[in-house]
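Subject: Structure for your review

Hello,

Here is the structure we talked about passing on. Please look it over alongside the notes that follow it.

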Amino acid sequence: MLEDRTTAVSSPTVWPAAYPQGYAVVDVETTGLARDDRIISAAVYRLDARGEVEDHWYTLVNPERDPGPVWIHGLTSDVLEGAPLFQDIAEEFATRLEGRVLVAHNAVFDWQMIAREYARARSEAPVRQRLCTIALSKELGLPLPNHKLESLAAHFGVVQQRAHHALDDARVLAEAFRPSLYAAAQDGVRLPLHECRPLTEWTDRPAPRVGQQAGGYSSYRPGSWRPARRRPACPYPNPGRYEAGKRLKQGMRVAFSGDTSVERELLEDRATDAGLHVATSLSRLTSLLVTNDPDSGTSKVVKARQFGTPVVDEAAFGQLLGDVELASEQ
């Protein structure tokens, strides 16, 4: 049973009708942060419309590979050896998520890890919306020193017992989310809900790892579990900014911001294969910004507004990729 942490926030007399009817507070621990990393444990606290706990669930997951940063999550190969595979728990996991808004701290990460696992299992997670508690704390203007979970927990007096343990992290987040939800309802704050679109395609293409062994397993050491991915330099000069209604041209600098339905690196690969320059940041030289959330406050979106950089969504970008003007035609 969660302790009552809502005493500092009065109960709203009228609950906003537009608010969701239920939430699934989620935390997953993983073998790392890259696109080929795997979930090794997952926890879900199901909450009702006003953030009250209905039940909770936790499971270990055998990642079929090295567990990664054991010094962070504490889950060794021996512990995970007898755990179920993701496809074995996918249905139970889905029942915990179905019909609810997924709530997580840095929700994009948790959602992408979950979506990838379901894609590997040739299925889809029954999640249509997510809510990031970092974004919610910003909407509420909470006086936090940073956006770590421990800071949010401390603000509401929630005591962490086992950091980086999925069940305890989910409990802490559920305790901190309830008063946040009450505060939002009291002030009539619009919840920062974002669409969760399942992956439409998936390819496991592991990045090179230190100490690669037979069978796809690898020996990790500190720093080796978050590989950087370098792309070859674009061979074409930048022809300038994209103009609405015209074709993309090889050499154009394209930046991405926010979540995408197609796995981000697959989308970037398509752009690179088409002869575009995939930029990790946005500058005055950027030809185009691709984002499904043009009203967000990300640094790239803000800079795009400042610089007048053209913006299109993922669907429009996908169409443009089908007819990119060759450098020889320019």
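**The cavity**

The largest cavity holds about 60 Å³ of space. Please keep in mind that this is a predicted model. With a threshold of 30 Å³ or more, the count is one cavity.

Ten names make up the list of residues around it, so to speak in sequence order: W111, Q112, A115, R116, R197, L199, D259, T260, E263 and R264 line the largest cavity. Helix α4, residues 107-120, supplies the largest share of that lining, with four residues. Sorted by class, the lining of the largest cavity consists of five charged, three nonpolar and two polar residues.

**The nonpolar cores**

The largest nonpolar core has 33 residues, and the members that touch the most others in it are Y19, Y23, F177 and L191. Two or more residues of this core come from each of these elements: the strands β1 (22-30), β2 (39-48) and β4 (101-104), and the helices α5 (133-140), α6 (149-155) and α7 (166-187). Helix α7 is the main contributor to this core, giving 12 residues.

F177 deserves a separate entry. Leaving aside residues up to four places away in sequence, F177 touches Y23, L47, V103, L131, T133 and L136. Y23 is thus on two lists, as a contact of F177 and as one of the core members that touch the most others.

Another core, of 29 residues, lies apart from this one, and its members include I89, L97, A119 and C132. As background, nonpolar side chains in soluble globular proteins tend to be buried together.

Regards

Definitions and conventions: Residues numbered from 1 in each chain as written. Predicted model: local features only at pLDDT ≥ 70, side-chain atom pairs only at ≥ 80, totals over all residues. Heavy atoms only, no water. 1 Å grid on protein atoms, 1.4 Å probe; cavity = no way out; pocket = protein on both sides within 12 Å on 5 of 7 lines; lining within 4 Å. Points joined across faces, edges and corners; volume = space filled by probe spheres on them. Nonpolar A, V, L, I, M, F, W, Y, C, P; charged D, E, K, R; others polar. Core = buried A, V, L, I, M, F, W, Y, C linked by side-chain atoms within 4.5 Å. Buried < 20%, exposed > 50% of the residue type's maximum accessible area, 1.4 Å probe, protein only. Contact = heavy atoms within 4.5 Å.
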